[in-house]
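Hi,

Here is the structure I promised to pass on to you. Have a look at it first, and then read on for my notes on what turned up.

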Amino acid sequence: MQRWAPDIGSFSGPKYLAIAEALARDIESGALGAGTRLPPQRALAGALGVDLTTVTRAYGEAQKLGLIEGDGRRGSFVREKPLAASKVRYRDNGDVGMNAPPEVPGGLLNIEFRRSAEALLASNDVTAPFQYQPSGGLPIAREAGATLLMNRGIPCEEDSVLIAAGGQHALHAIFSAELKAGDLLAVCAFAYPGLLALARRYGVRLLVIRSDEEGMDPEALEAACIQENLRSLYVVPTNDNPTTITMGIERRKALASVAVRHGLMVIEDDAYGMLPERSQPPIASFAPDCTWHIASVSKILTPGLRVAWLRAPDISKAWRLSADMHETAIMAAPLNAAIVVDWLDRGVFQQLVNAVRTEARHRQALARECLPPGSFMANEEGYHLWVPLTPNIDPGQIAGAVRTYGLSVIGSDAFAVERTGAAPALRVSIGGTIARERLERGLRLLAALIGSDATGKISLV
């Protein structure tokens, strides 16, 4: 289709994003079919009245999203679409209360999943992904995980990395094997609800450590170590759920130093750590001998795969924990783990992460456009917001009002370690299956509901 030239005049953002958006829209609608040859970049630039660099960036963006692919001098082509959909239909879009990565245009995840599954099934050795796995998980997935984590600066080897059925499974195993009733675990004032549930189940006491705009305060943690019988530390260093704070490298080093000095066990839940384009080194890279590090697929690609890597401080602890993991969930689905390994081998894993990051940036731009300036905290490459409120606003009423738009809004009390005196706020998830148009409607309603009562400030203690 050499004459394809979309109307981008109504798009308020950068022109290269407008072109990429038009490509995604026309591919999704079928106007541009699989295998369609796109106009040469110079020709499209002339037709749209933009410079060549703009079109080059647009095609590059579309290629990151898996919408098109280049074939040297032959030009750029629309990628193959997934096979005809199954007749099986889901009744809803899943649990909208969960914080899930945004779906990316073009069905890239579906395409690559099918590609990898077909390749695995076509190989001579197809039995392993359908059988029980050794304790610790699929061996090739453990090896791939060790390589992935070492590339992020974490000292590890295959025998110190376990495969879990998601990050929550890994957390459950750590609590079961390493903590006991009455142990004291340091946390921030607002924490992941899954962590709070595990603490209740195992009788682990939570100690709130003062935080600031950079995250947990190392001096406050040091004081707690001296004054209390502190056993361990739980931290989400990148795009904290729910406050969206990302710790800088100096803060990470300082917390690691306190942990080493006082013999704390660190549980580093780095669910979002691989999503940023320029990620910070994990705390495990500074305190490897005392840190359990969790990295999962759920928060950077899709929750449906349920594959996570749990890196133990040493091999003996890894093997002790593997028995507990086997008792609670047997294993992560081997086929899913094998597909993730294939993605890592072929470079598709990073391509999918790039696509999620790009979509998250689009949605963050939409949030900045819809909500009052300074009314929320967010990570530009993340997909949730933290909106502080004044005490006269009922978070529950707001959540109920925007739920009809498919927008997930949860009050701060769900994350508060100490319910009494917790600062009112909302965690707003802008990822998941909600389309951008519906997201915009929900955000505009949210803006109207919080109005001028949004404080623009947040208490982290």
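The largest cavity holds about 180 Å³ of space. Please keep in mind that this is a predicted model. Counting cavities of 30 Å³ or more gives five.

Which residues sit closest to the centre of the largest cavity? They are Cys188, Phe190, Val236, Asp240 and Thr243, out of 18 residues in the lining. If you want to find the place by its elements, look for β7 (215-216) and β8 (232-235), which are the ones that give two or more residues to this lining. As for its character, the lining of the largest cavity is made of 13 nonpolar residues, four polar ones and one charged one.

The second largest cavity has a volume of about 70 Å³. Its lining consists of Pro134, Ser135, Gly136, Gly137, Ile163, His169, Ser322, Met325, His326, Ile330, Met331 and Ala332. Which element gives the most to that lining? Helix α10 (residues 315-329) does, with three residues. The lining of the second largest cavity divides into six nonpolar and six polar residues, with no charged ones.

Now to the loop between β8 and α9 (249-262), where proline 242 lies. The peptide bond that leads from asparagine 241 to proline 242 is cis, and its omega is near 25 degrees. This loop also contains asparagine 239 and threonine 244. Asparagine 239 has a positive phi, near 50 degrees, in a residue other than glycine. Threonine 244 is not a glycine either, yet its phi is positive, at about 70 degrees. Are these two residues buried or exposed? Asparagine 239 has a relative accessible area of 2%, so it counts as buried. Threonine 244, with a relative accessible area of 5%, is buried too.

Next, a pair of helices that you may like to pick out on screen. Helix α4 (residues 108-122) and helix α11 (residues 334-346) have axes that come within 10 Å and cross at roughly 105 degrees. Because of that crossing angle, α4 is roughly perpendicular to α11. Which residues make the contact? On the α4 side they are Leu109, Glu112, Phe113, Ser116, Ala117 and Leu120. On the α11 side they are Leu335, Asn336, Ala338, Ile339, Asp342, Trp343 and Arg346. The residues of this contact of α4 with α11 divide into eight nonpolar, two polar and three charged.

Finally, here are three single residues to visit, each in a helix of its own.

Alanine 45 has its place in helix α2 (residues 41-48). With a relative accessibility of 6%, alanine 45 counts as buried. What does alanine 45 touch, leaving aside its neighbours within four places in sequence? Its contacts are Val50, Asp51, Leu52 and Val55. Alanine 45 and arginine 3 are 42 residues apart in sequence, and their C-alpha atoms are 12 Å apart in space.

Glycine 60 belongs to helix α3 (residues 52-64). Glycine 60 is partly exposed, at 29% relative accessibility. Between the C-alpha atoms of glycine 60 and phenylalanine 415 there are 39 Å, and the two residues are 355 residues apart along the chain.

Leucine 366 is part of helix α12 (residues 348-370). Its relative accessible area is 11%, so leucine 366 is buried. Not counting residues up to four places away in sequence, leucine 366 touches Arg436, Leu439, Glu440 and Leu443. From leucine 366 to isoleucine 430 the separation is 64 residues in sequence and 9.7 Å in space, C-alpha to C-alpha.

If you would like a route through the model, you could start at the largest cavity, with Cys188 and Phe190 among the residues closest to its centre. From there, go to the loop between β8 and α9 for proline 242, and then on to the place where the axes of α4 and α11 come within 10 Å.

Enjoy looking around, and do write back with any questions.

Best wishes

Conventions: Residues are numbered from 1 along each chain as its sequence is written. This is a predicted model: local features need pLDDT of at least 70, side-chain atom pairs count only at pLDDT 80 or more; totals for chains, interfaces and linings use all residues. Side-chain values use heavy atoms; hydrogens and water are left out. Axes are lines fitted to C-alpha atoms, for helices over the stretch in contact, and angles run from 0 to 180 degrees between N-to-C directions. Helices (H or I, at least four residues) and strands (E, at least two) are DSSP runs, numbered from the N terminus. Angles under 35 degrees count as roughly parallel, over 145 as roughly antiparallel, 65 to 115 as roughly perpendicular and the rest as oblique. Contact means heavy atoms within 4.5 Å. Ala, Val, Leu, Ile, Met, Phe, Trp, Tyr, Cys and Pro count as nonpolar, Asp, Glu, Lys and Arg as charged, and the others, Gly among them, as polar. On a 1 Å grid over the protein atoms alone, a cavity is a set of points where a 1.4 Å probe fits but cannot get out, and a pocket is an open set with protein on both sides within 12 Å along at least five of seven lines; lining residues have an atom within 4 Å of a point. Grid points are joined across faces, edges and corners, and a volume is the space filled by probe spheres set on the points. Buried means under 20% relative accessible area, exposed over 50%, partly exposed in between (1.4 Å probe, protein chains only).
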